[in-house]
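Here is a friendly note to read alongside the model. Please keep the sequence and the 3D view open as you go through the points.

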Amino acid sequence: MSDDYLWDRSGTPDPTVAELEAMLAPLRLPASLRTLPTRVTSPRSKPYAFLMVLMAEAAMVAALVGSAWMHPVAPAGPALEVTRLSGAPRVGSRVLADRGNWTVGRWLQTDASSRAEIDVGGVGRVEIDPLTRLGLVSTTPGSYRMQLDHGTLHALIWAPPGQFSVATPSSTVVDLGCAYSLTADKNGDGLVEVTSGWVGFVWKGRETFVPAGAVVKTHRGLGPGTPHFPDTSNAFRDAIDAIDLGRGSPAAREAGLHLILSEAVARDAVTLWHLLTRVEMNQRTAVFDRLAQFVPPPSAVTREGIGSGDRQMLDRWWDEMGFGSADWWRVWQQQWRER
Amino acid sequence: MQTMTALARSAPAPTGTGDLVRAAQRGDRDAFATLYSGFARMVHGVLLSRVPHAAAEDLVQDVFIAAMEGLESLREPEAFGGWLCTIARNRATDFLRRSPQMTALPDTLTSLAAGPADRSEALAVLAVIRAMPDAYRETLTLRLVEGMTGPEIAVRTGLTEGSVRVNLHRGMKLLRERLERRPA
């Protein structure tokens, strides 16, 4: 038999070659990894999103030093130390023995029986649960950045606010001096539970702040939802989901909003504050009035201003709630954009 | 026995590869992405002919990061394919050298995102290919696993078509013999 088929697949197929091709095809590089999108607009769950992030960061570094992007780029910070807590966590393709280094650009993965702990450069500690895939984006001083593809992490950060952040397919979680758990599923949806301090989210201009004891869902394509306390009624939580996702008829959502307003107690002020900009314009007055019963608005804050989404007024009212000043968040956001 | 390195020639690069490399050297990210698309399968194949399947995908990323960082030092843009092959081979060697300290995952374990266990037969055949001489295992992996044709392999790796044809012919002959000798 000629080698034509082996050479370029022309001629009569060689049965052995054809059989081997079919058998070995599942081992080839998956189609999803054969291209490298050139624009990074948001965190993605594609396996090589991480390389895209690295490319983007390399470009940013090069731009900052005024040189071409392809010039050799120093690693984006030192390695972090990872300790195996159970099972066989992997750093990249290697199984972690007991302790090892996790370098920028690598995935840290756990299977169903593995857990690991990360020392975040002396500014905090992160534990990851089984079935988690976490990427390390940056460890430069003042900017520890990770990317949670899926799974669960528990972060305890004692660095100044804003130095530690985790991107997921549906949000970027920014530590504001706190402890929290973050879960992301493979569909890109997630949940954050804050146990102390508070965290901030940013997603395509949509902001969310979550205080200790509260939770918030994040939705792929929509970003963070409205924070609330987990022991509210099922109907309360369903109503929040309906508003966040635009689910159900307008009349049903309005009925849900009234239920939220009627069931809300003082601690739910944080939920109402977020709803001020998330409900229909004609519903904002009702939310304003209910929130004002729990946290009187500062004198310069008006119904009209809040109704139109005036950012300064919203920030002033937030500051009255005792979770910390919004000024700091604005400064941090500006620094983030300028990086 | 000729090795792949000894057989390396300056075969014609894919149309525009040199231009793409020069553009990428100037910082053009689109150009680098195009190079990635053109050469990712080759890199994966070269790696897969040396390291366990579970490790190869991660190492592809390593190879392109190394290429990205070192591209400025490439003096002959048309030789990009051969240069990338060398990075991939070195990265695989580095991976295997470190494996005594860092336990390499055996091929019988699938990665978290990998496919079903019925790949075991394919992995067994791949192990046979991996045990073959360098010149054959790379070419056969690119042909039988990655699905590249002989002419494509020549263009991407920088080998002459004659060398690739010889490697495929002799390699396939040896593979048939070794597969026939395998216990049922």
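**Notes on a predicted complex**

1. Let's begin with one helix. In α2 of chain A, the residues A:V17, A:L20 and A:L24 are buried. These three share one side of α2(A), because the arc they cover around the axis is only 65°. The spacing fits a general rule: an α-helix has 3.6 residues a turn, so residues three or four places apart point the same way. Please remember that you are looking at a predicted model.

2. Now turn the helix around. Which residues are exposed on the other side of α2(A)? There you will find A:P15 and A:A22.

3. What do the buried residues of α2(A) pack against? Within chain A, their partner is α1. From chain B, α6 (120-130), α7 (134-145) and α9 (161-181) join in.

4. Just before this helix there is a backbone detail to look at. A:R9 sits in the loop between α1 (4-8) and α2 (15-24) of chain A. Its phi is near 65°, a positive value, although A:R9 is not a glycine. Most residues other than glycine have a negative phi. Is A:R9 buried or exposed? The answer lies in between: A:R9 has 16 other C-beta atoms within 10 Å, and 20 or more would be needed for buried, 12 or fewer for exposed. A:R9 is therefore partly exposed.

5. A second residue of this kind is found further along chain A. A:L131, also not a glycine, has a positive phi of about 60°. Its place is the loop between β7 (124-128) and β8 (133-140) of chain A. A:L131 counts as partly exposed because it has 16 C-beta neighbours inside 10 Å.

6. Stepping back, here is chain A as a whole. The chain holds ten helices and 17 strands. Of its 339 residues, 41% are buried. Among contacts between residues at least 6 apart in sequence, 40% join residues at least 24 apart.

7. A word on confidence in chain B. Its mean pLDDT is 79, with 78% of its residues at 70 or more. Over residues 1-14 of chain B, however, the pLDDT is below 50, and this stretch has 34 contacts in the model beyond near neighbours in sequence. Residues 100-117 of chain B also stay under 50, with 30 contacts beyond four places in sequence. Where pLDDT is low, the predicted coordinates should not be read in detail.

8. Finally, the scores for the complex. The predictor gives an ipTM of 0.82 and a pTM of 0.51.

Key: Residues numbered from 1 in each chain as written. Chains lettered and ligands numbered in written order. Predicted model: local features only at pLDDT ≥ 70, side-chain atom pairs only at ≥ 80, totals over all residues. Helix = DSSP H or I, 4+ residues; strand = E, 2+ residues; numbered from the N terminus. Contact = placed C-beta atoms within 7 Å. Arc of directions from axis to C-beta. pLDDT = per-residue confidence, 0-100.
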